[in-house]
Amino acid sequence: MKISEIETELDALKKQKASKIKEVRALAMSDDSDTTDVQKGVASVDDLQKQIDALQAQLDAVKKAQGLSDNSTDDNTRDDDPDLPEERSLKGQENMEIKVNQEQETAEVRDFMHYLKTGEKRDNGITTTEAGVVIPKEILDIQKVPTDNINLSAVINRVSVTSGMGTLPILQKNTARLTTADERAENPEIANAVLKGVDYKAITYRGALPLSMEMVQDAPNLKTLLNTYVQEAKQLTEQYQIGLVLQTATAVSATTTDDLKTAYNTGLANYSRQWVVTESFYNAVDLLKDGNGRYLLQDSIASATGKSLFGASVTVVADDVLGVAGDAKAFVGDPKAFVLEALRSDIAIEWDHNENFEHILSVALRADFKPADTNAGKFITFGATAGK
């Protein structure tokens with residue numbers, strides 16, 4: 001291979017490398033640049049440099065074999081050309097300027113490529129200010145406002161059903177007793193068990209949350225957070241539907257501590273009693289003291305809130321679950337016996353919507369919420385004054 005051919009190919013590779021470097025720079029400085037594409041560009045520049053180094057070594061070897069110096073020309077150049085000295089002088093000056101420029105550009109390019117690969121700044125190269133446009137904007141961890149994590153579906157009777165509508169039998173409270181009988185007399189019958197049929201019809205609750213692909217790419221942890229977000233939306237739907245059922249319990253008005261005790265003590269003896277209260281009710285009762293100056297709410301390790309009222313655990317929900325903001329409302333009794341959730345399906349899906357370049361998160365709940373044993377609880381409206 002002739003020296004001129006090698007030099008021509010070498011010049012072409014250098015131009016190709018310079019073009020690729022400009023392309024990588026432009027890509028790195030773009031606001032919507034992809035790190036993977038930048039890395040591929042850097043690797044491509046490295047490959048071109050390896051080809052240039054190999055070709056340069058080949059050129060040096062050929063020149064050495066022919067006894068030529070770097071400033072020598074090939075066999076086609078005539079030494080007796082009268083214009084040659086002047087041309088050589090001009091060419092030498094031009095080559096000197098090109099060499100200086102190339103050295104400066106090489107140092108800049110080398111530092112730039114080093115920065116793209118390692119993120120480290122070199123003292124004699126690219127500066128932090130110059131590199132500002134190629135530093136990806138930091139996506140901080142998303143601050144998520146806490147959601148009400150008290151899910152009442154955990155304390156009710158949640159039954160999976162196989163049909164969209166039907167009747168669920170509920171065995172009512174047992175009031176049967178045995179009677180006395182004479183020796184060898186026929187056994188008297190026990191009162192028949194009472195089955196109450198609760199009709200249900202599954203209603204569909206559903207919703208979808210679209211996410212742009214740009215959001216998913218720029219904040220990798222966003223998708224996980226929003227998956228949780230849509231699940232919480234489903235749980236809150238259950239929460240408020242259960243709250244509506246609890247509000248149908250026998251209404252009781254209480255204005256004193258004694259009223260609260262009476263509501264708790266009477267009519268619920270055979271049920272597993274607990275309190276489901278609004279924040280306003282909890283606050284009002286938390287300020288109450290008995291005749292000995294002790295607060296009514298007592299510490300309890302068995303309660304989610306760490307408190308008990310008259311020995312029963314207390315679950316606190318938002319005011320609007322059992323009414324409206326500011327309402328001091330409470331359900332006391334057995335929510336598992338009182339509320340029936342007929343669950344037909346509970347689905348969470350996601351898919352890509354390619355036409356709009358977006359990702360869709362979706363959840364659906366098919367269920368019905370009904371009162372089952374209506375004797376299993378009371379719904380209290382409290383209007384006490386401090387100190388009572």
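Which side chain makes a polar contact with the side chain of E341? Here are a few notes on this predicted model, starting from that residue.

1. The partner is R158: its side chain and the side chain of E341 make a polar contact at 3.1 Å. E341 sits in strand β11, which runs over residues 339-353. Do have a look at how this glutamate is placed, as its relative accessible area is 0%. E341 therefore counts as buried, the cut-off being under 20%.

2. The surroundings of E341 are worth displaying too. Leaving aside neighbours within four places in sequence, E341 is in contact with S153, I156, N157, R158 and V159, and also with E238, A367, D368 and F369. R158 thus appears both in this list of contacts and as the polar partner of E341.

3. Next, the nonpolar interior. The largest nonpolar core has 42 residues, and L246, W275 and F281 are the ones that touch the most other members. Strand β9 (residues 312-317) gives this core its largest share, four residues. A second core is separate from it and holds nine residues, including I6, L10, L48 and L59. As background, nonpolar side chains in soluble globular proteins tend to be buried together.

4. F281 deserves a closer view. Its contacts, with neighbours within four places in sequence left aside, are L260, W275, L309, D327, A328, K329, A330 and F382. W275 is therefore a contact of F281 and, like F281, one of the residues that touch the most other members of the largest core.

5. F281 also belongs to helix α7 (residues 279-286), where Y282 and V285 are buried along with it. Looking down the axis of α7, you will find the buried residues within an arc of 100°, so they line one face of the helix.

6. For contrast, try A251 in strand β5, residues 250-254. Is A251 buried or exposed? A251 is exposed, because its relative accessible area is 66% and the cut-off for exposed is over 50%. A251 lies 4.9 Å from F379, C-alpha to C-alpha, although 128 residues separate the two in sequence.

7. Finally, the chain as a whole. The secondary structure comprises eight helices and 13 strands. Of the 388 residues, 30% count as buried. Among contacts with a separation of 6 or more, 77% are between residues 24 or more positions apart. The accessible surface comes to about 24700 Å², and carbon and sulfur atoms account for 49% of that.

Note on methods. Residues are numbered from 1 along each chain as its sequence is written. This is a predicted model: local features need pLDDT of at least 70, side-chain atom pairs count only at pLDDT 80 or more; totals for chains, interfaces and linings use all residues. Side-chain values use heavy atoms; hydrogens and water are left out. Buried means under 20% relative accessible area, exposed over 50%, partly exposed in between (1.4 Å probe, protein chains only). Helices (H or I, at least four residues) and strands (E, at least two) are DSSP runs, numbered from the N terminus. The arc is that of the directions from the helix axis to the C-beta atoms. A nonpolar core is a set of buried Ala, Val, Leu, Ile, Met, Phe, Trp, Tyr and Cys residues joined through side-chain atoms within 4.5 Å. Contact means heavy atoms within 4.5 Å. Accessible areas come from the Shrake-Rupley method with a 1.4 Å probe; for residues, only the protein chains shown count as cover. A polar contact is a pair of N or O atoms within 3.5 Å; within protein, one must be able to donate a hydrogen and the other to accept it, and residues adjacent in sequence count only if both atoms are side-chain atoms.
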